[in-house]
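Here are my notes on the model you sent, set out as numbered points. Please read them with the structure open beside you.

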Amino acid sequence: MKLDVNVLRYLSKDDFRVLTAVEMGMRNHEIVPSELVERIASLKHGGTYKVLKNLLKYKLLHHDASKYDGFRLTYLGYDFLAIKTLVNRGIFTGVGRQIGVGKESDIFEVAQEDGTILAMKLHRLGRTSFRAVKSKRDYLRHRSSFSWLYLSRLAALKEFAFMKALEEHDFPVPKAIDCNRHCVIMSLVQGYPMVQVKQLQNPETIFEKIIGIVVRLAEHGLIHCDFNEFNIMIDDEEKITMIDFPQMVSVSHRNAQMYFDRDIECIFKFFRKRFNMIFHEDKGESDETEVDENSRPSFYDITKDANALDRDLEASGFTRKEQNDLDKFIEGGVEKSEDSDEDEDEESDDKEQTCESNEEENVDELKSLQLQEKEQKSSDGVEAEVKLDDTEKGENSEDKDDAVSDEKEEEDDPELVKQLGKQRRRAMAAARGGRKSQSSRNSYKDKGGRSQNSKIHSNMSGW
Ligand code: ADP
Ligand code: MG
């Protein structure tokens with residue numbers, strides 16, 4: 001998929017408003033009914049249709065009329081929402097070339113106003129090998145396409161949280177700068193993935209350094225789980241940086257030892273093949289560099305502090321619930337057969353997952369929407385007619401009382417989002433016959449923490 005950021009220049013405020021409306025609708029709908037988009041966006045003179053057409057043209061939305069007329073965000077649409085938010089926060093001003101394509105991510109360079117180049121990782125869970133996708137799809141068989149966005153957002157949040165915590169414990173990782181939706185901004189690592197390196201001045205030293213990282217991670221309670229030549233960067237001074245953390249697990253994980261041994265084995269294997277290092281288990285290649293196989297670390301011999309990083313991670317806003325959701329996805333694909341209690345897990349998770357909704361229910365919702373809207377209007381009086389006037393200030397008590405008021409929203413245009421949220425809640429409440437919407441597991445918890453007023457003009461372009 002091409003990320004043509006030039007499109008951003010041509011998107012108007014209304015375009016983003018409708019895009020945001022679809023995103024909000026996706027908290028409760030796999031495909032957001034057109035009427036709901038229109039209601040949430042609530043553009044003057046019924047302008048939503050024209051805007052939807054524009055968003056479809058740029059492939060930011062996908063139209064689905066199989067069950068009813070509706071829309072969902074594409075990854076590109078989700079990219080644009082994240083990029084716009086981060087630009088508005090002043091994190092970067094322009095998007096440059098693509099520097100990496102991971103299994104489930106795209107990595108781009110982004111530039112700050114002063115010319116500093118950072119790396120932007122856009123998570124794309126679901127884009128992986130066919131087998132893995134299939135088993136993941138089985139696992140997610142009734143899940144909505146929103147789940148992919150939700151899971152990608154979790155992967156980004158986890159990656160950001162781990163990167164920050166690891167950095168604080170002096171692990172060689174990129175500097176975590178910010179995170180929004182499925183997007184992580186981090187420092188750009190100078191160098192290349194180990195897989196591209198043909199020669200090292202001193203392979204044994206590098207080997208020991210790398211194995212040392214795996215061991216120290218375990219001492220801190222963690223296993224990388226994808227520790228290999230693709231996720232270890234090395235620069236010209238042979239400085240090592242590890243990357244790619246969404247799949248990390250705790251040493252208390254039931255398969256911890258297997259993951260640990262696998263990480264270690266990956267390194268042994270790579271150094272054996274690439275740098276002709278031989279270990280005592282290898283026989284018959286006596287002219288090669290030898291490393292004592294007894295140096296292979298044993299998981300059981302490591303003094304592990306399973307809680308060492310827990311506090312940091314909790315403080316980062318990555319909750320245990322989110323960790324569990326992500327684990328289920330990752331393990332659903334990787335080790336499904338080992339997971340004997342999976343059915344039970346799925347069942348309980350289904351109960352929790354409020355992002356998907358029954359299509360018939362949606363249609364009913366819509367049918368009753370018009371009827372109840374009238375009632376709503378008469379009881380709400382002028383409030384029901386709230387238009388999204390950007391100059392309006394809306395810190396009223398009704399907002400504070402809202403069931404979803406704990407959701408931290410977009411800060412690029414907080415007023416817009418507040419109003420959109422209000423409209424959406426009203427629309428949903430009307431559709432549900434007055435029931436207040438429950439805080440969904442897919443509530444967007446923007447990590448935020450930055451000034452709401454940071455408004456640096458966006459200059460979105462490839463340069
Ligand atoms: P995935 O999770 O999809 O495997 P990675 O985080 O491993 O994604 O990134 C994929 C590739 O992008 C890496 O192999 C590396 O070449 C590049 N990359 C990732 N992060 C950075 C970074 N901070 N600086 C420079 N290059 C990076
Ligand atoms: Mg990787």
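1. Helices (H or I, at least four residues) and strands (E, at least two) are taken here as DSSP runs, numbered from the N terminus. Helix 8 is followed by G221, whose phi is positive, near 95°. This is a predicted model, in which local features need pLDDT of at least 70 and side-chain atom pairs count only at pLDDT 80 or more, while totals for chains, interfaces and linings use all residues. Residues are numbered from 1 along each chain as its sequence is written, chains are lettered from A and ligands numbered from 1 in the order in which they are written, and side-chain values use heavy atoms, with hydrogens and water left out.

2. Helix 8 covers residues 203–219, and its end C-alpha atoms are 24 Å apart, which agrees with the 24 Å that its 17 residues should span at 1.5 Å a residue (the expected span being 1.5 Å times one less than the number of residues). Its buried residues (under 20% relative accessible area, with exposed over 50% and partly exposed in between, for a 1.4 Å probe and protein chains only) are P203, I206, F207, I210, I211, I213, V214, V215, L217 and A218.

3. The largest nonpolar core (a set of buried Ala, Val, Leu, Ile, Met, Phe, Trp, Tyr and Cys residues joined through side-chain atoms within 4.5 Å) has 110 residues, and those with the most contacts inside it are L3, F92, M120, L166, M194 and F271. Helix 7 (residues 145–168) gives the largest share of this core, 14 residues.

4. Around ligand 1 there are 20 residues, of which the closest are S105, K121, V189, N231 and D244 (a residue is counted if one of its heavy atoms lies within 4 Å). An oxygen atom of ligand 1 lies 2.6 Å from a side-chain N or O atom of S105, and for the side chain of K121 the distance from a ligand oxygen to an N or O atom is also 2.6 Å. For the side chain of N231, the corresponding distance is 2.8 Å. The protein covers 89% of the 550 Å² of accessible area that ligand 1 has on its own (Shrake-Rupley method, 1.4 Å probe).

5. The largest share of the shell around ligand 1, 3 residues, comes from strand 4.

6. T74 is placed in the loop between strand 3 (70–73) and helix 5 (75–88), and T74 counts as buried because its relative accessibility is 15%. A polar atom of the T74 side chain lies 3.1 Å from the backbone oxygen of L60.

Technical notes:
Polar contact = N/O pair within 3.5 Å; in protein donor to acceptor, adjacent residues only side chain to side chain.
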